[in-house]
Amino acid sequence: MKINYLKLDNFRNYDSAELYWDEQVNLLHGRNAQGKSNLLEAVCYLGIATSFRGAPDPELIRWGEDYFFLAGKVTREDGSRIDLTAAANRRKQRRWRVDGEARTRLSDVVGLLHTVIFAPEDIGLVKEGPDARRRFLNQQLSQLDQEYCRLLISYNRVLRQRNALLKQWEPGREAENGFEEQLATWDEQMIELGSAVALRRQQTVKQLSELASQLHRGLSKGEELALSYENSFSPHEELADLDQCRQAFRSELARVARSEQQRGLSLVGPHRDELAITIDGRPARSFGSQGQQRTAALSLKLAELELARSLRGEYPVLLLDDVLSELDEQRRQEIMRLAVGKTQTFITAVDGDLPPLSCRRWRVEAGRVSREN
Ligand code: ATP
Ligand code: MG
């Protein structure tokens, strides 16, 4: 998959830019704070319909303006083309078009352009709390599987409404104000949607784990990396099918019912699940060195690329934000060998630390991009 063309209006520090990308490697270089990462963020936005840095849409609008607009032309391996446009304003209204037609459901646009981004903050995937790992799974699964994206959006809506109801709980008055009845309705929906989300995540983590551990062995000279999905209703048990999942979810909900009411919060479900990462059998988060954590994050990202290829039949676009400078020479070489050249790649680098690459070079300066070769 390739993005051949990108247009940005009022996006971050860009007022207006139109770029025709190389189909192989694009190196974006410049001093700090010129707009290199912002460009990758724009490409990524067209794939995942949100900022990879977790910024809400209004933050992406150029200061002093009311909206941003992005357009991209994408070519798939089979030669088919997709025109994507996205716009958002300060009132949080968004507008998407695919080949000129308006799309209202995000699940119809996410993943049409498939990207994998690797940025310095990705070490957080291994080092930080479970939120980062759930976000990683959600972003990748949503791009790979429209149905997952739909299920997740619905699950999150039910979760918000169930939490709002739990906050209204008044001890002793459950029956009279319809609380119990409403909660039972949300429970059913949550079990149905949450089980489907958890099962899909579990399946994907299994595939990712095989790929990542193989890659990690090569990158680390022999360490064993393993991933496992721990759902919050039966963390140490692999779920056999949807029925077993629903049952486990239901009985855990019954067990925590009292605490949920007291805390006004949903305590079970995919929003509390964990992707456990171990190196040589020990939790990477607590025992991994900085270097080991970085290598594990890199293995995960490379595994994502390979998984996407095996499931969709083509590689995603690879975005490497400042990562080459963070890696030692051996890992630099490995990432070059394993990823760069397999698929269209965008690499950002600060002047003075440019990787020796045959590529198209772009200079980024104060929100302006100029082609150098
Ligand atoms: P570094 O090498 O330090 O990573 P960079 O070139 O990747 O730098 P970016 O992260 O792309 O830099 O950011 C460039 C600049 O964009 C920042 O200095 C920031 O002030 C500016 N910026 C961020 N959001 C907006 C916005 N909404 N409107 C205008 N400018 C913005
Ligand atoms: Mg940057």
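**View 1. Two domains share the lining of the largest pocket.** In this predicted model, domain 1 (1-114 + 316-373) and domain 2 (122-312) each put at least three residues into that lining. The pocket has a volume of about 910 Å³. Its lining runs to 27 residues, and if you want to find the centre, look for T50, N138, L152, I153 and N156, which lie nearest to it. Helices α2 (57-60), α4 (130-144) and α5 (146-167) each chip in at least two lining residues. Sorted by class, you get 12 nonpolar, seven polar and eight charged residues around the largest pocket.

**View 2. The second largest pocket holds about 360 Å³ of space.** Here 22 residues do the lining, with F52, E121, D122, R135 and Q139 closest to the centre. Two or more lining residues come from each of α1 (36-48), β8 (115-118), α3 (124-127), α4 and α9. Helix α4 gives the largest share, six residues. The class split for this pocket is nine nonpolar, six polar and seven charged. As for domains, domain 1 (1-114 + 316-373) and domain 2 (122-312) each supply at least three residues of the lining of the second largest pocket.

**View 3. E314 sits in a loop between a helix and a strand.** The loop in question links α9 (290-312) to β12 (317-321). Is E314 buried or exposed? With a relative accessible area of 6%, E314 falls under the 20% cut-off, so it counts as buried. Its side chain makes a polar contact with the side chain of R76, at 2.7 Å. Setting aside neighbours within four places in sequence, E314 touches M1, R76, E77, A308 and R309.

Note on methods: Residues are numbered from 1 along each chain as its sequence is written. Chains are lettered from A and ligands numbered from 1 in the order in which they are written. This is a predicted model: local features need pLDDT of at least 70, side-chain atom pairs count only at pLDDT 80 or more; totals for chains, interfaces and linings use all residues. Side-chain values use heavy atoms; hydrogens and water are left out. Helices (H or I, at least four residues) and strands (E, at least two) are DSSP runs, numbered from the N terminus. Buried means under 20% relative accessible area, exposed over 50%, partly exposed in between (1.4 Å probe, protein chains only). A polar contact is a pair of N or O atoms within 3.5 Å; within protein, one must be able to donate a hydrogen and the other to accept it, and residues adjacent in sequence count only if both atoms are side-chain atoms. Contact means heavy atoms within 4.5 Å. On a 1 Å grid over the protein atoms alone, a cavity is a set of points where a 1.4 Å probe fits but cannot get out, and a pocket is an open set with protein on both sides within 12 Å along at least five of seven lines; lining residues have an atom within 4 Å of a point. Grid points are joined across faces, edges and corners, and a volume is the space filled by probe spheres set on the points. Ala, Val, Leu, Ile, Met, Phe, Trp, Tyr, Cys and Pro count as nonpolar, Asp, Glu, Lys and Arg as charged, and the others, Gly among them, as polar. Domain bounds come from an automatic or database domain assignment.
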